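The following exercises concern contacts, burial and salt bridges in one protein chain. Each task is followed by a worked solution.

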Amino acid sequence: GGKPAEFDAEESPEQHYGRINNPTVHVALNQLRKLINILAKRFGPPSEIHVELVRDLKKTAKARDDISKQNREYAKANERRASIFRELNGGSEPSGLDLKKIALWEELGVDQLTRLCPFSGRVISAAMLFNGDVEIEHILPFSRTLDNGTANLTVAIRQANRLKGNRTPYEAFGDNQHADQGMVWSAIADRAKSLPRNKRWRFDADAMDRYNREG
């Protein structure tokens, strides 16, 4: 029993405030301490420091390991994509947009022969990604959604993008407006089924209504 011991906040901060048990948090705080010390030497000590812990630091060890594994796989995939770019562009280094273009292209099919323009059905080769034939396209128009996220992006033949214009896929092709140029809606809808799940619904007739409801 008895009154708990009191500790000075300056001399014994862990005893005064309590110790954080998560070792990942301690690593992060130690790095922060080093940074603050450097800044304090140059600019003087700060009057206040406010620290917020991001959600990842609170995750279990397994969850953090899973995130690390995903990050390693993503980095490995990007290095492979960078190699594709270098091979096609005389060894020059790709930009982030170049890597995104290749990633979107890879979503279209398992290999080059199955990677078809969602709208025209033409095969898109790796070389076409960077020779002006192919562009990144917003599935639902950016001007109407302001959605620049990956889920709203694909790659398509430049001419097909021009025909699609400021419309959803269904608005542009749903009535077979451009069937004479090989853009038949039934075929477009079939190709959309091969896209990631979070992109397929954007080809539906009510895609804009759903977007406005759900965002």
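**Exercise 1. The surroundings of Phe 119**

Leaving aside neighbours within four places in sequence, Phe 119 is in contact with Glu 137, Ala 156, Ala 160, Asn 161, Lys 164, Pro 169, Phe 173, Met 183, Ile 188, Arg 191 and Phe 203. The model is a predicted one.

Task: Identify which residues touch the most other members of the largest nonpolar core, and which elements give two or more residues to this core.

Solution.
Step 1. The largest nonpolar core has 26 residues, and Trp 105, Phe 119, Ile 124 and Phe 203 touch the most other members.
Step 2. Two or more residues are given to this core by each of α5, β2 (153-157), α8 (169-173) and α9 (185-192).
Step 3. Strand β2 supplies the largest share, 4 residues.
Step 4. Apart from this core lies another one, of 5 residues, including Leu 140, Trp 201, Ala 207 and Met 208.
Step 5. For context, nonpolar side chains tend to be buried together in soluble globular proteins.

**Exercise 2. A loop residue and its partners**

Task: Locate Leu 129, decide whether Leu 129 is buried or exposed, and list its contacts beyond four places in sequence.

Solution.
Step 1. Leu 129 is found in the loop between α5 (96-107) and β1 (134-138).
Step 2. Its relative accessible area is 1%. The threshold for burial is under 20%, so Leu 129 is buried.
Step 3. Setting aside neighbours within four places in sequence, the contacts of Leu 129 are Lys 101, Ile 102, Trp 105, Ile 124 and Val 134.
Step 4. For one of these partners, Trp 105, the C-alpha to C-alpha distance from Leu 129 is 8.2 Å, with the two positions 24 residues apart in sequence numbering.

**Exercise 3. Helix α7 and strand β1**

Task: State which salt bridges join helix α7 to strand β1 in the pairs of Arg 162 and Lys 164, and describe the setting of Asn 161.

Solution.
Step 1. The side chains of Arg 162 and Glu 135 form a salt bridge, at 2.8 Å from N to O. Arg 162 lies in helix α7 and Glu 135 in strand β1, so this pair ties together parts that are 27 residues apart in sequence.
Step 2. A salt bridge also joins the side chains of Lys 164 and Glu 137, at 3.0 Å from N to O. This pair links distant parts of the chain, with Lys 164 in helix α7 and Glu 137 in strand β1, 27 residues apart.
Step 3. Arg 162 is exposed, at a relative accessible area of 52%, whereas Lys 164 and Glu 137 are buried.
Step 4. Asn 161 belongs to helix α7 (residues 158-164) and counts as buried, at 5% relative accessibility.
Step 5. Not counting residues up to four places away in sequence, Asn 161 touches Phe 119, Glu 135, Ile 136, Glu 137 and Ala 156.

**Exercise 4. A salt bridge within a helix**

Task: Determine where Glu 214 and Arg 210 lie, and classify the exposure of Glu 214 and of Arg 210.

Solution.
Step 1. Glu 214 and Arg 210 form a salt bridge whose closest N and O atoms are 3.2 Å apart.
Step 2. Both residues lie in helix α11 (residues 207-214), 4 residues apart, about one turn of the helix.
Step 3. Glu 214 has a relative accessible area of 52% and is exposed; Arg 210 has 28% and is partly exposed.
Step 4. Elsewhere, salt bridges that share partners join Glu 79, Arg 86 and Glu 93 into one network. The count of salt bridges comes to 11.

Note on methods. Residues are numbered from 1 along each chain as its sequence is written. This is a predicted model: local features need pLDDT of at least 70, side-chain atom pairs count only at pLDDT 80 or more; totals for chains, interfaces and linings use all residues. Side-chain values use heavy atoms; hydrogens and water are left out. Buried means under 20% relative accessible area, exposed over 50%, partly exposed in between (1.4 Å probe, protein chains only). Contact means heavy atoms within 4.5 Å. A nonpolar core is a set of buried Ala, Val, Leu, Ile, Met, Phe, Trp, Tyr and Cys residues joined through side-chain atoms within 4.5 Å. A salt bridge is a side-chain nitrogen of Lys or Arg within 4 Å of a carboxyl oxygen of Asp or Glu.
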